[in-house]
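Student: Hi! Could you walk me through this structure while I have it open?
Tutor: Happy to, let's put it up.

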Amino acid sequence: MNRINQKLQENKKLLSIYFTAGYPNIDDTVKIIQDLEKNGVDLIEIGLPFSDPLADGPTIQDSSTKALKNGMTTEVLFNQLKDIRKSVNIPLIIMGYFNPMFQYGVEAFCKKCQEIGIDGLIIPDLPVDVFHEEYQAIFEKYGLINVFLITPQTSDERIRFIDSISNGFIYMVSSASTTGAKSGFGDEQTHYFERINNLNLKNPQIVGFGISNNETFTAATKYAKGAIIGSAFVKHVTNEGIGTIDGFVNNILNG
Amino acid sequence: MKLKVCGMKYQDNMEQVAALQPDYLGFIFYEKSPRHFDTKIPELPDTIKKTGVFVNEDLNTVIENINKFNLQAVQLHGEESPFYCNMLGTTKLLETPVEIIKVFSVKDGFNFEVLKEYESVCDYYLFDTKGKLPGGNGYTFDWSLLNNYPSTKPFFLSGGIGLDQVTDIKKFKESNASKYCYALDVNSKFEIAPGLKNVAILREFQNKLGNNTMEENYNVDEKGYYGEFGGAFIPEMLYPNVEELRQNYLKVMAEPDFQKEFDQLLKDYVGRPSPLYFAKRLSEKYNTKIYLKREDLNHTGAHKINNTIGQILMAKRLGKKRIIAETGAGQHGVATATVCALMGLECIVYMGEIDIARQAPNVARMKMLGAKVVPALSGSRTLKDATNEAIRDWINNPVNTHYIIGSAIGPHPYPDMVTRFQSVISEEIKWQLKEHEGRENPDYVAACIGGGSNAAGTYYHYLHEKDVKIIAVEAAGLGVDSGESAATSVLGKEGIIHGCKTLLMQTNDGQITEPYSISAGLDYPGVGPMHAHLAKTERAEFLSITDDEAMKAGLELCELEGIIPAIESSHALAIFKQKQFKPDDVVVMSLSGRGDKDLQNYIDYFKI
């Protein structure tokens, strides 16, 4: 069974952390993954940097620009990760935009992911219908879970379609925004979380966008299976470096 | 004009006629007709609309047949009421909506008043000759009656049209009566026997009318693709916004009220039609016939305003209160700020921090027009990043905001919508050239391409005309191989930028690179998906012009014709040094903008 599915079966709320590969320094990737696992994080999203990340706010865009300047490429990332399964067992997801994968070759990319032990992908600008028609068979061939986003504006009908195509979890974007734009949740979010909860989807949901501390983590996971922290973690390593990941994770989980 | 071939009865014959690529094929569901359709429809190209013809038929039967035969249009030939049409247009029982064509029979006179009630419940009218039987009487009516046509709804002209009418049709096309004529409907005059069409005569008819459409489709398809390019590669956060637009844009654009307001503003506010000017001295110098389509004479000084007028009217009909736009050199930003002022809507323009410094006069213009100019501080801080920021704004404001994209780029339906708004350029060229040269089609149409909106508009009505060659001019910057260039068709590979699959300048790793051109309007790392398709299929010839070649051509136009062109347009003008045309070739070139905004560049370059 895919590590993501195994993890989703655990009877606990899951914490997923996003970081940009090659940032702050080109060789930080493996160390960050190991530290996150050691400190009790449940899932990791490895950001493959892109020059024009449309869905991201300034924090993640700046980290991506810096990572690219540091020399990060798809090839470099795969090399860094080639022995990652010797040291960690945590589910790993690569999150990136479609063009770099498209240039690498979608099948070659998926094959490489399987060899390394990547469990899933999140590609914000690959629409669900294109995935379904052109790439789903390739992802399945290499045992990769593809994770789709939904937002408060996504219709019930479309959410059900996304649910039917998904085989891991659904990435529930908490508000109409880019990453790192808003913090905290209001009535609108609560209403949205309840609406999705009432749809009784087959895939569990993990909430992302707007989660930065224990309070927002607890609120997000009231209805959902877990929550994702991205910009707040990138900010943390920008300000503090990668030496105090334990403190960051502890703060999220225990306040 | 489109062509509808009606009264199809035999499957083999349907396939033969379909090979001629008419726009509509008609099937008569009326038992008393000798052309009564009682068989199956073979698989036909998507570009041909299958049309069911009904006479006072029970509504449920009509709906059943639409669903059963996957009809895209219905033609109502009896006394169907406006209520009936409305039911058909709104029923939930249809798997996909159909175009509704209501037929009116015309003889010596016709009271156009009866159309009023049908104005809002059907898509087209069809005017047929009044006779004994409904439809198919085989002789024409006096088309000059249509001089009194009071509506703006497009109509089909029908009744006894055959090869003998070619001269009359050509006259009709030039007359005012044909202003809203959308299509010709032919039937009995092209038959061997009732329902069996003579393909050879149909082909001859098409050729004589110049309806000789090309086999390849260069327009967008139903899924938003031009060949392999286009689509909508957008994050889920943008899906509702783009989907709302996709579902509505064609519908809104087809509304008579919309068309009327759009046409009126283009005329009274923009100053259209823009002249088609025969550049005599330039023609003499290059020993060919050069016509310049003077988009530089539009209000705000470029073609950009055609699109912003269209999109602001679209935004208003979609109930949007807030307008965002991206701009590189500031031309599209100014055109957007202008229409926002005109309509009293809030306007936010994203512009790269570096461009803001380079284009101070346009920044001031936008501010005077009441727009807020927001610097894009990320990435390379130029056009591509301004576009990213505008898209991010749209993600954060999904409900009340419309994003006016300035070029024929972005996720579907943007490239098609922008192209349609700009297509007024080639629509005018057709009748203007007819006045000058006695023919609608030039030998060449040429335009410069950054994203490609002025080019898309210049080519649009010529895309499928076999006798018109298309030239696309890209900016080579310091030279195609210099590393400082914007010649996307040469340097680009297939990739995804700003929501569409197209040719794109990028690293091997798929990171988008920064293009260079002296012209701020041409340094975009991608190109519109329509143009990518034109390049790939070699429908268009792509030429690259360097900074130096463009600047010299710009100065040459000043000296020979007394026109200071925008540097973008100067790139197109430079092709006459690169490519030899014949003395009797007619070359129509889009002069997309005026050079006022580029004065400083010209001053610096020529040390004036």
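Tutor: We'll go through the interface, the cores, some unusual backbone spots and a buried threonine, keeping in mind that this is a predicted model.

Student: Great, interface first. How many residues of chain A are in contact with chain B?
Tutor: On the chain A side there are 38 residues, and they meet 34 residues of chain B. The area buried between the two chains is about 2900 Å², with carbon and sulfur atoms giving 54% of that.

Student: Which three residues supply the most of the area that chain A buries?
Tutor: Those are A:Asp52, A:Leu54 and A:Gln103, which together supply 21% of the area chain A buries against chain B.

Student: And how many salt bridges are there between the chains?
Tutor: The count is three salt bridges between chain A and chain B. One to look at is B:Lys223 with A:Glu133, where the closest N and O atoms are 3.2 Å apart. There are also 18 residue pairs in polar contact between the chains, counting pairs with both residues at pLDDT 80 or more.

Student: Which element gives the largest share of the chain A side?
Tutor: That is α5(A), with five residues. Elements of chain A that give two or more residues to that side include α3 (58-69), α7 (128-141) and α8 (156-165).

Student: What's the make-up of that side, by nonpolar, polar and charged?
Tutor: The side of chain A that touches chain B divides into 21 nonpolar, eleven polar and six charged residues.

Student: Switching topic: which residues touch the most other members in the largest nonpolar core?
Tutor: That core has 186 residues, and the ones touching the most other members are A:Leu36, A:Ile46, A:Phe98, A:Tyr135, A:Phe233, B:Met314 and B:Tyr459. Another core, of 59 residues, lies apart from it, and its members include B:Phe112 and B:Ile169.

Student: Let's zoom in on A:Phe233. What does it touch?
Tutor: Leaving out residues up to four places away in sequence, A:Phe233 touches A:Ile17, A:Tyr18, A:Phe19, A:Ile32, A:Leu36, A:Ile245 and A:Phe248.

Student: Now the backbone. Which peptide bonds are cis?
Tutor: Two to look at, both in chain B. The bond from B:Arg272 to B:Pro273 is cis, with omega near 0 degrees, and B:Pro273 sits in the loop between α7 (256-270) and β13 (276-278) of chain B. The bond from B:His412 to B:Pro413 is also cis, with omega near 15 degrees. B:Pro413 is in the loop between β18 (401-404) and α14 (414-422) of chain B.

Student: Why are those worth pointing out?
Tutor: Because most peptide bonds are trans, and likewise most residues other than glycine have a negative phi.

Student: OK, so where is there a positive phi?
Tutor: A:Phe209 has a phi near 80 degrees, in the loop between β8 (205-208) and α10 (214-220) of chain A. B:His498 has a positive phi of about 45 degrees, in the loop between β21 (493-497) and β22 (500-504) of chain B.

Student: Is A:Phe209 buried or exposed? And B:His498?
Tutor: A:Phe209 counts as buried because its relative accessibility is 7%. B:His498 is buried too, at 5%.

Student: Last one: where is B:Thr338?
Tutor: B:Thr338 is in helix α10 (residues 331-343) of chain B. With a relative accessible area of 4%, B:Thr338 is buried. A polar atom of the B:Thr338 side chain lies 2.6 Å from the backbone oxygen of B:Val334.

Student: What else does B:Thr338 touch?
Tutor: Beyond four places away in sequence, B:Thr338 touches B:Tyr269, B:His299, B:Thr300, B:Ile305 and B:Leu369.

Definitions and conventions:
Residues numbered from 1 in each chain as written. Chains lettered and ligands numbered in written order. Predicted model: local features only at pLDDT ≥ 70, side-chain atom pairs only at ≥ 80, totals over all residues. Heavy atoms only, no water. Core = buried A, V, L, I, M, F, W, Y, C linked by side-chain atoms within 4.5 Å. Buried < 20%, exposed > 50% of the residue type's maximum accessible area, 1.4 Å probe, protein only. Contact = heavy atoms within 4.5 Å. Buried area = accessible area lost by both parts, 1.4 Å probe. Salt bridge = Lys/Arg side-chain N within 4 Å of Asp/Glu carboxyl O. Polar contact = N/O pair within 3.5 Å; in protein donor to acceptor, adjacent residues only side chain to side chain. Helix = DSSP H or I, 4+ residues; strand = E, 2+ residues; numbered from the N terminus. Nonpolar A, V, L, I, M, F, W, Y, C, P; charged D, E, K, R; others polar.
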